[in-house]
Amino acid sequence: MKCNTCNEKAVIQMRQHKLALCSEHFLEWLPAQTQRFIEKYKMFGPGDRILVAVSGGKDSLSLWDILCRLGYQADGLYICLGIDEEIAYSAESQRLTEQFASERGLQLKIVDVREEYGETIPGMASRTERGKHKPCAVCGLTKRHIMNRVAREEGYDVLVTGHNLDDEAAVLLGNTLNWIPGYLARQWPVLEANRPGLVRKAKPLCRIYEREMAAYALLRGIEYIYEECPFSKGSKSIYYKEMLNKLEHDRPGAKLSFYLGFLQAKEKGIFTPQADPDIEFLHACPICGQPTSSPGECAFCKMISKFN
Ligand code: Q46
Ligand code: ZN
Ligand code: ZN
């Protein structure tokens with residue numbers, strides 16, 4: 001297998017793009033693709049201050065690396081969830097994130113959930129009805145709240161996350177199988193800050209396959225946490241990813257065309273924001289100021305108030 005650019009030995013074949021590349025050209029191609037999507041979906045511009053949500057995994061650390069290589073001004077935000085029961089998942093991912101930032105002289109902000117709110121994520125979850133069996137709902141709610149809060153308080157123009165194509169296609173599959181119109185209306189590479197208290201969010205890797213991100217991290221020598229969060233076992237999103245991988249195996253490019261077809265259909269006007277049933281109920285939470293559709297305080301502030 002030869003590189004399509006220079007004819008040297010290729011390190012990766014991307015059947016969906018009918019493209020094989022050597023290490024050098026792959027490491028140029030991936031940031032160029034990312035830049036193309038940043039521009040296409042108008043995610044942010046060269047002068048914007050960017051906050052990258054980093055988990056210590058390959059996608060978010062590679063995204064941070066790519067944005068720096070593209071010349072953007074990007075700081076990191078790591079949220080310590082306190083998930084250290086079965087394995088030292090949070091401790092190890094924090095260590096790797098700190099190492100990544102200090103080796104490159106990058107600014108990293110750390111928010112420790114227990115220090116700020118008195119409980120780790122498993123601790124919070126055990127005290128709520130919705131998290132008794134699995135802390136993911138509590139975790140997701142808390143992470144979204146903190147990411148938005150820090151980006152707002154510190155005046156960032158945009159918050160970016162490392163969601164890749166596999167993540168987005170799995171979310172789309174779930175939303176489609178269950179026909180959730182509000183989620184379908186909102187799913188897009190960039191979410192505008194169109195409500196008071198909301199910060200703009202973007203997913204620059206949304207059209208890049210997970211295996212391409214793994215190859216990028218490996219070839220760039222980025223040390224990241226290999227283990228998944230222990231609570232992700234048996235999750236629906238992993239199940240959807242497995243299904244999509246089976247499809248991709250038989251029909252290379254299936255994942256990309258599934259997601260891309262959705263984006264193109266949205267560009268033509270299906271699933272418009274009017275399809276979002278929550279939109280008319282959105283108001284600012286009287287405690288934290290973030291938008292919420294639940295009556296009174298937002299779900300996060302309601303949950304936290306029970307701990308005090
Ligand atoms: S939600 Fe659930 Fe993840 Fe939080 S508890 Fe772990 S698996 S980290 S993306
Ligand atoms: Zn080459
Ligand atoms: Zn609130």
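**View 1. Donor spacing and geometry at the zinc ion (ligand 2).** Along the sequence of this predicted model, the donor residues of the zinc ion (ligand 2) follow the pattern C-x2-C-x15-C-x2-H. The pair Cys 3 and His 25 links distant parts of the chain, 22 residues apart: Cys 3 lies in the segment before β1 (12-14), and His 25 belongs to helix α1 (residues 23-40). Coordination is through SG of Cys 3, Cys 6 and Cys 22 and through ND1 of His 25, at 2.0 to 2.3 Å. The angles subtended by the four donor atoms are 96 to 116 degrees, so the arrangement is tetrahedral. Cys 3 and His 25 are both buried.

**View 2. The zinc ion (ligand 3) and its cysteine donors.** The SG atoms of Cys 285, Cys 288, Cys 298 and Cys 301 coordinate the zinc ion (ligand 3) at 2.3 to 2.4 Å. These donors are spaced C-x2-C-x9-C-x2-C along the chain. With angles of 105 to 114 degrees between the four donor atoms, the site around this zinc ion (ligand 3) is tetrahedral. For reference, the ideal angle for four tetrahedral donors is 109.5 degrees. Cys 285 has a relative accessibility of 3% and therefore counts as buried.

**View 3. Strand β3 and its pairing partners.** Strand β3 (residues 49-53) is largely enclosed by the rest of the structure, because four of its five residues are buried. Five bridges connect β3 to β4 in the parallel sense, and Val 52 has Gly 76 of β4 as its bridge partner. Between β3 and β4 the chain passes through helix α2 (residues 58-69), in a right-handed β-α-β crossover. Strand β6 (residues 158-160) also pairs with β3, parallel and over three bridges; here Ile 50 is the bridge partner of Val 158.

**View 4. Strands β4 and β5.** Strand β4 (residues 73-80) runs parallel to β5, and five bridges join them. Opposite Leu 77 stands Lys 109 in β5. The connection from β4 to β5 goes through helix α3 (residues 89-104), and this β-α-β crossover is right-handed. Side chains alternate along β5 (residues 108-112): Lys 109 and Val 111 point to one face and are buried, whereas Leu 108, Ile 110 and Asp 112 point to the other and are not buried.

**View 5. The shell around ligand 1.** The residues surrounding ligand 1 are Leu 81, Ile 83, Cys 136, Cys 139, Lys 143, Cys 229, Phe 231 and Ser 232. By class, this shell contains six nonpolar residues, one polar residue and one charged residue.

Definitions and conventions. Residues numbered from 1 in each chain as written. Chains lettered and ligands numbered in written order. Predicted model: local features only at pLDDT ≥ 70, side-chain atom pairs only at ≥ 80, totals over all residues. Heavy atoms only, no water. Near = heavy atom within 4 Å. Nonpolar A, V, L, I, M, F, W, Y, C, P; charged D, E, K, R; others polar. Buried < 20%, exposed > 50% of the residue type's maximum accessible area, 1.4 Å probe, protein only. Helix = DSSP H or I, 4+ residues; strand = E, 2+ residues; numbered from the N terminus. Pairing = 2+ DSSP bridges. Right-handed = clockwise from strand over helix to strand, strands pointing away. Donors = N, O, S within 2.8 Å, 3.2 Å for Na, K, Ca; no water. Tetrahedral: all angles 85-135°; square planar, octahedral: opposite > 155°, others 65-115°.
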